[in-house]
Amino acid sequence: MKKIYKYILQITDHQTLTLPKGSKILSVAEQHDNIVLYALVDTVTGDVENVPIIIRGTGHTANYVEGCAFLGTVKLSGGRLMFHVFAKTNN
């Protein structure tokens, strides 16, 4: 069975998100001044995979995002803070 789940991301440069194996990341957005990630997940599988997530602010060094999938830009604090979210994939 597949469902769409929400994951609240930490506002940090690097983190690892544990998802059910085969999940498809759909988007990122702002909710209640948090960065949230939405993914289509298989709720039956017992297997998981670790997905490295990189968040970079506008104007910050972005050396580590090459080869990563761009997930989107999220604005926080009324647009005063802009964060760009990437996932390191095996592709």
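**Figure 1. The whole chain of this predicted model, seen as a globule.** For 91 residues, a compact globule would have a radius of gyration near 12 Å, and the protein comes in at 13 Å, which agrees. Laid along its principal axes, the C-alpha trace spans about 40 × 30 × 15 Å. The accessible surface adds up to about 5,800 Å², and carbon and sulfur atoms hold 50% of that. On the burial side, 33% of the 91 residues count as buried. As for charge, there are 9 positive and 7 negative ones, and their mean positions sit 4 Å apart.

**Figure 2. The strands, and how far along the chain the contacts reach.** What is the protein built from? It has 7 strands and 0 helices, so the pattern along the sequence reads β-β-β-β-β-β-β. Now take the contacts between residues at least 6 apart in sequence: 64% of them join residues at least 24 apart.

**Figure 3. Inside the largest nonpolar core.** This core has 18 residues, and the ones touching the most other members are Leu9, Ile35, Leu37, Ile53 and Val85. Which elements give two or more residues to it? They are β1 (2–9), β2 (14–20), β4 (34–42), β5 (48–57), β6 (69–76) and β7 (81–87). The largest share comes from β4, with 4 residues. As a bit of background, nonpolar side chains tend to be buried together in soluble globular proteins.

**Figure 4. Zooming in on leucine 9, one of the core residues that touch the most other members.** Setting aside residues up to four places away in sequence, what does leucine 9 touch? The list runs Gln15, Leu17, Ile35, Leu37, Ile53, Ile55 and Val85. Among these partners, Ile35, Leu37, Ile53 and Val85 also appear with Leu9 in the group touching the most other core members.

**Figure 5. Methionine 82 and its surroundings in strand β7.** Buried, partly exposed or exposed? Methionine 82 counts as partly exposed because its relative accessibility is 30%. Leaving out neighbours within four places in sequence, methionine 82 contacts Arg56, Gly57 and Thr58, along with Thr73, Val74 and Lys75. How far is methionine 82 from glycine 57? The two are 25 residues apart in sequence, yet their C-alpha atoms are 5.7 Å apart in space.

**Figure 6. Cysteine 68, in the loop between β5 and β6.** Cysteine 68 has 15% relative accessibility, so it counts as buried; the cut-off here is under 20%. Beyond its neighbours within four places in sequence, cysteine 68 is in contact with Ile54, Phe86, Ala87 and Lys88. For a distance to check in the viewer, try proline 52: it lies 16 residues from cysteine 68 along the chain, with 9.5 Å between the C-alpha atoms.

**Figure 7. Leucine 26 on strand β3.** At 41% relative accessibility, leucine 26 counts as partly exposed. Its contacts, apart from neighbours within four places in sequence, are Ile4, Tyr38, Ala39 and Leu40. From leucine 26 to isoleucine 4 the C-alpha distance is 8.8 Å, with their positions 22 residues apart in sequence.

**Figure 8. Two loop residues with a positive phi, histidine 32 and serine 77.** Where is histidine 32? It is in the loop between β3 (24–31) and β4. Histidine 32 has a phi of about 55°, positive although the residue is not a glycine. With a relative accessible area of 69%, histidine 32 is exposed. Then there is serine 77, in the loop between β6 and β7. Serine 77 also isn't a glycine, and its phi is positive at about 55°. Is serine 77 buried or partly exposed? Partly exposed, because its relative accessibility is 23%.

Technical notes:
Residues numbered from 1 in each chain as written. Predicted model: local features only at pLDDT ≥ 70, side-chain atom pairs only at ≥ 80, totals over all residues. Heavy atoms only, no water. Core = buried A, V, L, I, M, F, W, Y, C linked by side-chain atoms within 4.5 Å. Buried < 20%, exposed > 50% of the residue type's maximum accessible area, 1.4 Å probe, protein only. Contact = heavy atoms within 4.5 Å. Rg over C-alpha atoms; globule rule 2.2 N^0.38 Å. Areas by Shrake-Rupley, 256 points an atom, 1.4 Å probe, with all protein chains shown as cover. Lys, Arg positive; Asp, Glu negative; His and termini not counted. Charge placed at Lys NZ, Arg CZ, Asp CG, Glu CD.
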